[in-house]
Every structure is written in structure tokens, then in C-alpha cells.
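This report deals with salt bridges and with contacts between chains and between domains. The sequence and the structure come first.

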Amino acid sequence: MAPVLQSSQPWVEKYRPKQVKDVAHQDEVIRVLNNTLETADCPHMLFYGPPGTGKTTTALAIAHQLYGPELYKSRVLELNASDDRGINVVRTKIKDFASVAVASGQRQGGYPCPPYKIIVLDEADSMTEDAQNALRRTMETYSKITRFFFICNYISRIIEPLASRCAKFRFKPLPQEVMGSRISYICKEEGLNLDDEVLSTLSVISQGDLRRAITYLQGAARLYGSSISCKDLINVSGVIPPEASEALFFACKSGNFDLANKEVSNIIAEGYPVSQMLDQLLDMVVEADDISDEQKARICQKLAEADKCLIDGADEYLQLLDVTSNTMRALCNMPEDFTYEA
Amino acid sequence: MLWVDKYRPKSLDNMNVHEDIAENLKKLVSEQDCPHLLFYGPSGSGKKTLIMALLRQMFGSSSEKVKVENKAWKIDAGSRTIEIELTTLSSTNHVEMNPSDAGFQDRYIVQEIIKEMAKNRPLVDAKGKRGFKVLVLNEVDKLSREAQHSLRRTMEKYSSSCRLILCCNSSSKVTEAIRSRCLNVRVNAPKEDQIVNVLEFIGKKEGLQLPVGFAARIAEKSNRSLRRAILSFETCRVQQYPFTSNQAIPPMDWEEYVSEIVSDIMKEQSPKRFAYSYTSCLCENFTFIIRKIIYISHCGDYFNFGYQPDTHSILFLEVLVVHRLLCIFCIVLCRLFQVRGKIYELLTNCIPPEIVLKRLLYELLRKLDDELKHEVCHWAAYYEHRMHLGQKAIFHLEAFIAKFMSIYKSFLIATFG
Ligand SMILES: Nc1ncnc2c1ncn2[C@@H]1O[C@H](COP(=O)(O)OP(=O)(O)OP(=O)(O)O)[C@@H](O)[C@H]1O
Ligand SMILES: [Mg+2]
């Protein structure tokens, strides 16, 4: 059965780097970790950055490289948001694991096997503040025999006392060239051919998120065979075609509320994600040169508010309609304040 | 069987709409290594149909032999045990569920149940061609942030034994990290002419005579929801057959109700009634309001919700805040008490509050001057957002109506003196 399962992995998993040196673009952390591999010395670590930039990959790779397959299970505890990590777990499971003494460092089977264990707390930004606070003591008490790796998207969600105990590394969105070369590598392995233009389109639409780029690539490869065009990629990625956002912007300029309302309804019926629409609207407004700075400010402020509301779970149609109406009033120089509000 | 179910295409090969998406899906699952999928699009656009057909494409007809299970799970959460009931729909190769049903406990469903299911490899018999099973999760946009986070690593870690198919209305509410882990499939609402085609197709199968333009009228009223179009088509059939060309397309009863509410709200607004001086009304009604509030907080079944005693004080504050808002517009208030009954009835009939609010807005926009539209749509967005932050949707609906009434009143005064 085993070989079948091997090939049933999606490409993102298939091409997850197994070694730290294969992680692209995150040079700083790689340098430190390579050092760790040599000296077996390692601080507590905090990795943060946007999705799909290699945080989890790096943490797992270093753990595997340090201990090898045999010791891995006994030396590494990986907890992520799919595990309960409430304060109870911190007090019991994590503490128990952290307190176990380990044999002094001796290389085994070609792996450094340093004399400490590693606890990887992936997606740590979803841990409650209480749970994080409960960790402080554990971290300190067992710092000789345990290292913590925190991984998160937003560093601001990690409490300061924890963050200050760690060496912090920001994982940067991957720039076009780097992404291009990684994608080219995958293409070679999978027997696809992409030209440069397509490669750069792929980098642009995935916005520095390599995982997303790989998923798009796989999708496009399945749908359109081995030669893929820019249009195919755009189809797969579901970005909103510029015509749709332009139509909305045009309706705003027209000053006709009903027309704008119709555009908004249409966007919703087409199923375009409104958060993305707001992004595209922002780009258009910022780049337009026939709009005054004051008007731009008015529009952007509302865009920001709507973005926040969407995150709170507000309705997409109503938010987009509100943004559209506000944009229209700004563009047509209607007064900023409402007339009839008590 | 309802026509919506009877004429639901069973396989990707005979889709009536979204043939293009179906074609793509077929290619996508032609190999073993397809990525996780996220279907998104407005309700009634046909996501569910596509997903079911996709499952059939993957697993053959065995995916249709489903059994419904309602199981109580005991989850050990450290100090206490949590019991969650969950309904699942499963075949040998897939499990479908709606994790957001567990409300604020949805995290446990993801952490315990879904993870457990993802971990276990499916029993692959010699004939089985898939090395993985599929979990279909509905309404992922309603999952809490925490629950969504909990999905992330599960999606990666067990990807060799399990694929997730996620389904939602608005992909903005699904976190970036989840979206980055899936191939996103947008399912747009069918266009009116596509709906007409489907209706005509059904008409033919049922052996019905359709007058010219009849299907088009239904399609126009359907708001681009195929489900809704088919439902009202069937209703028409029940109400009157043979069809006549001017036969009325029955609106949904709740929509009619909303439009009644709207005319109620706007009726009372004659400027003459506003002749009272502002302040005198305020004093007059204030004691009344307070009395009302005290009554509410004592009897403890505001709207028959059966509050516990300790929620009284909170309720009291909530009511106080809302009513403070309201008492500024005391004339409005009397009306509001009547309107409230109707709104409450809508909500108890399980019409989601945001749908009610959107419909209210829709009706209002149809009747208002351009000048007011901006203002009203702003407040609709404002109160709908508040609804998500607060607890009781009805308060925010009322607040919106009160706001509207006061705006409308000032508008009338300014216009007609
Ligand atoms: N720097 C990188 N070098 C090579 N591959 C990468 C890199 N970053 C991401 N990838 C690819 O993307 C996939 C996901 O990366 P990873 O799991 O490390 O993301 P992450 O940073 O942990 O994201 P999240 O915040 O969503 O958890 C990997 O399987 C790999 O294929
Ligand atoms: Mg990760």
C-alpha cells in the first residue's frame, strides 16, 4: 500500500524541503540553524511571518536533522493549533515533556543529537494569553534541557515575556526570483514547462506565498496539461478580473446610486471575495491621478473600516455597498457628513 | 421528492449549469494527488451539487450510499468533559458535517473529531482506487477563528490519508492561512438565462406547457438563486396548472412580511405627528420606558427566551442601552413596539437576522430618494456589523429601524416643513 500513499500527497507536501539548507530565501535563520547543526547549540526561537513562507518547514527540518528518525519521537514534541493547548496542557503535558532529563550529547548515527529536547509550538498565536503566561516558568526552569520553538503569523499575539526570551526571525514573503527558481525546480520534476512571463505572473498572484503558488501550479497543471499560460493561472487562482473592479469604480464615479447597487449585487452573485475587492479598489484609488488627496483619504479610511468589519464577520454585501456609497460621495464631492442623522 | 432534489444532477457529466467547473473538477481528481478544495459562492449557486457529483466522480456510486448519524461525543478538555452532539453524513469513503453547528465549541470538533477522522486511514479494499478519504466541511465561514486555526496543521499533516473539501458562502471570512492551503473554486450564481434553461429543462421532463416568458419571470424574481427559482417554479405548478402567461409568481412569505414591516415604518411618518415638542415627548415616554424595562428584567422572559436569573442584570443593561437610544425618538418608539413583534416572528421562523436586515434595506432603497439612500445603506452596514459583536440580533435590527425612522423624519421635516 505504501507506494500509493506516497504519490497521493499534494505537491505542497511532496515538495516540502526536508533539510534546512533547502528552505529558500530565509537566509538569516538558515545561517543560525546551520551553526546549530555544527555546534549543537541553540537558543529558544520565534519564527513569525505570513502564511506559506517556510516557518513550519524550517522548524520540522531542523528537528529532524538534529535527532534523526530514531530519536525524533522521544526528543521532539510538536503541538499545533489542532491540539488543545489550554492552560491545563501547558501545566501537564508540556511541563512533563520539558522536565524529562536527556542523555548527554553524543552524536548518534550521524546526527548531532544535542543534550536537550525541542518543543515546537506551531501556530502559537492561537494560544491564549493565560496559557502563554503559564509557559514562562516552564521555559525558565527547564531551559538547560529544553528549547522552545514558537511559530506564528502575528508576533503581536505573543506576549512580550515569551518573545523576549527568544531569538526572533521574521520570515519574509518570497520575492519573485526566489519563488521563480523554486517553481522552476518543481516544474522540471513534474515535467511542466513554463515561460518567464508565466512564472512572474504566478509570483505576482500568489503574493509571496509559496504554498499558494505551488497549489495554483498543481491546479493549473491538472486542468490545462503541461504547458500553462498566464490566463490559465489567473483562472485557477480566482483573482478578480480587473474589469469587475473597474466597473464598480466607474459606477462610483457616475454618482448614480442604483447603478452602483447593481454592480455590488453582481459582484456578490459572482462570488468574488469582497476582501479582495477592497484591495483592488484601494490600488485603483491610490493610483488614480484625477482624484485629490483629500478624496483619497476619505475613501481609504472607509476601506480600512470595512476591512475590519469583514474580519469581525460582517456581511459582505452591506460592507461593499457602504464602501461604494462612501466612495461615490467622495468622488462626486457630496458632503462628508450625513444630513439627517440626529 | 421536491424538484430541487429530483433534478439535481448526479454526476459531473450532466451538469446543467457550471459545466466548465465540472469539467475542471474532473481533470483535477484524475490523479491521486489532488489538493484540498475550497468551494465558495453565494447560496443557491450549486456548490453542494458540484461537491456531491465530485464525490461520485472520485468514489463511484458508493458515495451515494450515505447514512446519517447523530452522535454525542465526549471530549476531555482537561478539567472537565464536554459533550457535543454532531450530525454526520457518511459513506465508506467520505464524511460530511457542519462543524459550526457546535457554536462556540466548534474548536473541539476540529481538534478532536476532525483530527481523529483525518488521522485514520480509510480501509482500502483491493478495488478501492483512492488511498485517501474525504471530509466535507460545510459553512466553514461560520467557524470561529480558533477552529480555523486548528484546521491548519491537520490539513498538512494528514494530507496523505485525507482530503478536505470546504464549502462556504463568503471566502473573506475564511482565514488567509486556510485559503493558502486549498485550491479555491469559485462557484458563481447562475445567470438568468441559465436559470431559464434549467427551468425549461425541468418543464420538459415534467411534460409541462410553459407560456412564453414565464420561466424568464421566475428567473428574474429568483435573485439568481437556482434553488429558489426551482422552488417557486414548483409552487406555481401546485397553485395553478395549466400556467397562464400572467400568473403571479408567489414571493416568499417572509419577504412579503418584510415589505409589510417597511410600509408600517414609513406610514407612521407623517410630519404632522411630529408636532409634539421633542422634550415633552421625551419626559412623557421616559417613565414608561423605564417601567417597561423593569418589567422585562423581572419577568425574565423577554421574548420568551427563558433567561436565567443571573442574566437579568446584563439583559437589563442591554435593554437600557438600546432603549436609551430609542427614547430619543419616542414617537418612533410606539411604532417600534409593533414592528418588533413582526421582526421577532421572522427570527423565530429561523430567518437569519442578516437576511432580514438586507431585505429591509432592499425594500427601503426601493422607496427612498437618492439623497437618503447613502445614509440608510451606511446604517444598515453599521448595525449589521454590530449584530456580530453583540449577542441579541433583534436589538440591532430594532436599532436600525429606529435610526431609519429618525433619519426619515428629519428628512420629511426638512423637505416638507
Ligand atoms: N522558503 C521556502 N522554501 C521552500 N519551500 C517553501 C518555502 N516556504 C514555503 N514553502 C512551500 O510551502 C509549503 C508550506 O510552507 P510552511 O508549512 O513552512 O508554511 P508556514 O510558514 O508554516 O505557513 P503558515 O503560517 O500558514 O503555517 C511547504 O510545503 C513548501 O512546499
Ligand atoms: Mg505552518
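## Salt bridges and interfaces

B:Lys342 and B:Asp264 form a salt bridge, with 3.0 Å between the closest N and O atoms. This pair links distant parts of the chain: B:Lys342 lies in helix H13 (residues 330–348) of chain B and B:Asp264 in helix H10 (residues 253–267) of chain B, 78 residues apart. B:Asp264 counts as buried because its relative accessibility is 12%, under the 20% limit. The model is predicted.

Over all chains the structure holds 44 salt bridges. Side chains of opposite charge can pair when their charged atoms come close. Some of the pairs are listed below.

| Salt bridge | Closest N and O atoms |
|---|---|
| B:Lys342 and B:Asp264 | 3.0 Å |
| B:Lys26 and B:Glu23 | 3.8 Å |
| A:Lys21 and A:Asp22 | 3.8 Å |
| A:Glu270 and B:Arg186 | 3.5 Å |
| A:Lys14 and A:Glu190 | 2.8 Å |

### Pairs within one chain

B:Lys26 and B:Glu23 are three residues apart in helix H2 of chain B, so about one helical turn separates them. B:Lys26 is partly exposed, at a relative accessible area of 21%. B:Glu23 is also partly exposed, at 39%.

In chain A, A:Lys21 forms a salt bridge with A:Asp22. A:Lys21 counts as exposed because its relative accessibility is 57%, over the 50% limit. A:Asp22 has a relative accessible area of 35% and is partly exposed.

### Between chain B and chain A

How many residues of each chain are in contact? The contact involves 76 residues of chain B and 71 residues of chain A. Between them the two chains bury about 6400 Å², and 53% of this area is on carbon and sulfur atoms. B:Asp33, B:Arg153 and B:His374 supply 11% of the area that chain B buries against chain A, more than any other three residues.

There are 15 salt bridges between chain B and chain A. One salt bridge joins the side chains of A:Glu270 and B:Arg186. The interface also has 37 residue pairs in polar contact, both residues being at pLDDT 80 or more. On the side of chain B that touches chain A, the elements giving two or more residues include helix H2 (19–28), strand S7 (182–186) and helix H15 (370–389) of chain B. H15(B) gives the largest share of that side, 15 residues. By class, the side of chain B that touches chain A has 25 nonpolar, 25 polar and 26 charged residues.

A network of salt bridges links residues of both chains, among them A:Glu13, A:Arg16, A:Arg211, B:Arg152, B:Arg153 and B:Glu156.

### Between domains of chain A

Chain A is assigned domain 1 (2–170), domain 2 (176–237) and domain 3 (242–331). The centres of domain 1 and domain 2 of chain A, taken over C-alpha atoms, are 30 Å apart. Twelve residues from domain 1 of chain A and 17 residues from domain 2 of chain A make up the contact.

Domain 1 and domain 2 of chain A bury about 1200 Å² between them, 62% of it on carbon and sulfur atoms. In domain 1 of chain A, the residues that lose the most area to domain 2 of chain A are A:Trp11, A:Val12 and A:Tyr15, together 61% of what that side buries.

The count between domain 1 and domain 2 of chain A is one salt bridge and five residue pairs in polar contact, both residues at pLDDT 80 or more. The side of domain 1 of chain A that touches domain 2 of chain A divides into seven nonpolar, three polar and two charged residues.

Key. Residues are numbered from 1 along each chain as its sequence is written. Chains are lettered from A and ligands numbered from 1 in the order in which they are written. This is a predicted model: local features need pLDDT of at least 70, side-chain atom pairs count only at pLDDT 80 or more; totals for chains, interfaces and linings use all residues. Side-chain values use heavy atoms; hydrogens and water are left out. Contact means heavy atoms within 4.5 Å. Buried area is the accessible area (1.4 Å probe) that two parts lose on being put together, summed over both. A salt bridge is a side-chain nitrogen of Lys or Arg within 4 Å of a carboxyl oxygen of Asp or Glu. A polar contact is a pair of N or O atoms within 3.5 Å; within protein, one must be able to donate a hydrogen and the other to accept it, and residues adjacent in sequence count only if both atoms are side-chain atoms. Helices (H or I, at least four residues) and strands (E, at least two) are DSSP runs, numbered from the N terminus. Ala, Val, Leu, Ile, Met, Phe, Trp, Tyr, Cys and Pro count as nonpolar, Asp, Glu, Lys and Arg as charged, and the others, Gly among them, as polar. Buried means under 20% relative accessible area, exposed over 50%, partly exposed in between (1.4 Å probe, protein chains only). Domain bounds come from an automatic or database domain assignment.
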